[in-house]
Amino acid sequence: MTEFPTLPAELHPVDGRFGCGPSKVRTPQIQAIADGQPGIMGTSHRQAAVKNVVGSIREGLGELFQLPEGYEIVLSLGGATAFWDSATFGLIEKKSGHLSFGEFSGKFATAAAKAPWLEEPTVVKAEPGDAPAPQAMEGCDLLGWAHNETSTGAMAEVSRPANTDALIAIDATSGAGGLPVNVAETDVYYFSPQKCFASDGGLWLAVMSPAAIERIEKINASGRFIPAFLNLQTAVDNSRKNQTYNTPAVGTLLLLDNQVQWMNANGGLAGMVERTTASATALYQWADTREEASCYVADPAKRSLVVGTIDFADSIDAAQIAKILRANGIVDVEPYRKLGRNQLRIGMFPAIDSADIVTLTKAIDYILDGGFAAK
């Protein structure tokens, strides 16, 4: 069995979870399941007890994102992957346009390309580690891109391009709740709860504009075949009743509700962005001071506040750094597997304390300075 060096006690973060999803869950969230909502687990999701939790989540998210008039919070099961498929059935009318700059931002485009009832999508690509500018695309009735590319740690601007009346659909799975946004610049700002919202996966949630809801109604009434599980009109109708079409994981709802309340009680979205900015500043400034390290995203303006990717020189084995950290209880800093780089990927979501990011960098210093990760 391989033995790894033991880090000094002062180099152990208070909480060693730095994953990019599932992410750190705060202890009070677990308590909310254990005793904060007695009698809800194991009861019908069609009754008031669970519906009140869904209502609290929708109200809390409305407060967090300062919903413009007419915007609604819609939720359903399946995560962002299910939402991409739902959008091909119920949100894209004829043709979509996509910004693709990593593993996840490209998946929506792939789903649209495989839908035989839609025209071939337009795709504007940038190399991983970069992000293209939002832009109008001729003939497209929906434009989609990721607010934050989880695989690379690049974040993109969220703004409505000029000279287009297309719906704007933003994949905010790892960005929502940790990056600044004006949701009025979007029509669908959708996300899963296992990143900034420190919950389990299996749900998608979306901030939807009146224009998006109108599009959903139009397509639903058009006669297009739409599978029941992927029907966005069903999701809208059920959300307005504070429920989901299929049975949800009530534990996930309780985790999410507690996190949203915590976020609003600690400064709302501005307060969360202040936390993620402090963490990102600490990480990127540290990388700038180490000869062996560098920020993978070259443009500082595109460096994510919630997912940090740090490259290492060829003389350093980043995988060994991750193994040593894991052996010391500091987990999930491995890079995205398909990117294949000699790097670490570090989650900096709102639940992660900036002081722990600083301690993490000091732990990596110890490993580098001791020669424990030299090739």
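This talk goes through strand 2 and its surroundings, two cavities, and one aspartate in a predicted model.

I'll start with strand 2, which covers residues 96–100. How many of its residues are buried? The count is 5 of the 5, so the strand is largely enclosed by the rest of the structure. In general, side chains in a regular strand alternate between the two faces of the sheet. Here Ser96, His98 and Ser100 point one way, while Gly97 and Leu99 point the other way. Both sets are buried.

Now the partners of strand 2. Strand 4 runs parallel to strand 2, and 3 bridges join them. If you want to find that pairing on the screen, look for serine 96, which stands opposite leucine 142 in strand 4. Strand 3, residues 122–125, also pairs with strand 2 in the parallel sense, this time over 4 bridges. There, glycine 97 has threonine 122 as its bridge partner. To get from strand 2 to strand 3, the chain passes through helix 4, and this β-α-β crossover is right-handed.

That brings us to helix 4. Which of its residues are buried? They are Ser105, Gly106, Phe108, Ala109, Ala111 and Ala112. And what covers them? The cover includes strands 2, 3 and 4, which we have just met, together with helix 3 (79–90), strand 5 (148–149) and strand 8 (188–191).

Next, the cavities. The structure holds 2 cavities of 30 Å³ or more. I'll take the second largest before the other, since helix 4 takes part in it. Its volume is about 40 Å³. The lining consists of Trp84, Phe104, Ser105, Phe108, Gly144, Trp145, Ala146, Ala169, Asp171 and Tyr190. You may recognise Ser105 and Phe108 from the list of buried residues in helix 4. Helix 4 (105–114), strand 4 (142–146) and strand 7 (167–171) each supply at least two lining residues. Which element gives the largest share? That is strand 4, with 3 residues. By class, this lining divides into 7 nonpolar, 2 polar and 1 charged.

The largest cavity has a volume of about 70 Å³. It is lined by 13 residues, and the closest to its centre are Ser76, Ala228, Phe229, Asn231 and Ala235. Strand 1 (72–77) and helix 6 (232–239) each supply at least two residues of this lining. Helix 6 gives the most, with 3 residues. As for class, there are 8 nonpolar and 5 polar residues here, and no charged ones.

Last, a single residue: aspartate 356, in helix 10, residues 354–369. Is aspartate 356 buried or exposed? Its relative accessibility is 3%, and the cut-off for buried is under 20%, so aspartate 356 counts as buried. What does it touch, once we leave aside its neighbours within four places in sequence? The contacts are Pro13, Val14, Asp15 and Phe18. For a sense of distance, take aspartate 200, which is 156 residues away along the chain. The C-alpha atoms of the two aspartates are separated by 22 Å.

To recap: strand 2 is buried along all 5 of its residues, and it pairs in parallel with strand 4 and with strand 3. Helix 4 lies on the chain's path from strand 2 to strand 3, and it also helps line the second largest cavity.

How values were computed. Residues are numbered from 1 along each chain as its sequence is written. This is a predicted model: local features need pLDDT of at least 70, side-chain atom pairs count only at pLDDT 80 or more; totals for chains, interfaces and linings use all residues. Side-chain values use heavy atoms; hydrogens and water are left out. On a 1 Å grid over the protein atoms alone, a cavity is a set of points where a 1.4 Å probe fits but cannot get out, and a pocket is an open set with protein on both sides within 12 Å along at least five of seven lines; lining residues have an atom within 4 Å of a point. Grid points are joined across faces, edges and corners, and a volume is the space filled by probe spheres set on the points. Ala, Val, Leu, Ile, Met, Phe, Trp, Tyr, Cys and Pro count as nonpolar, Asp, Glu, Lys and Arg as charged, and the others, Gly among them, as polar. Buried means under 20% relative accessible area, exposed over 50%, partly exposed in between (1.4 Å probe, protein chains only). Two strands pair if DSSP finds at least two bridges between them. A crossover is right-handed if, with the strands pointing away from the viewer, the path from the first strand over the helix to the second runs clockwise. Contact means heavy atoms within 4.5 Å.
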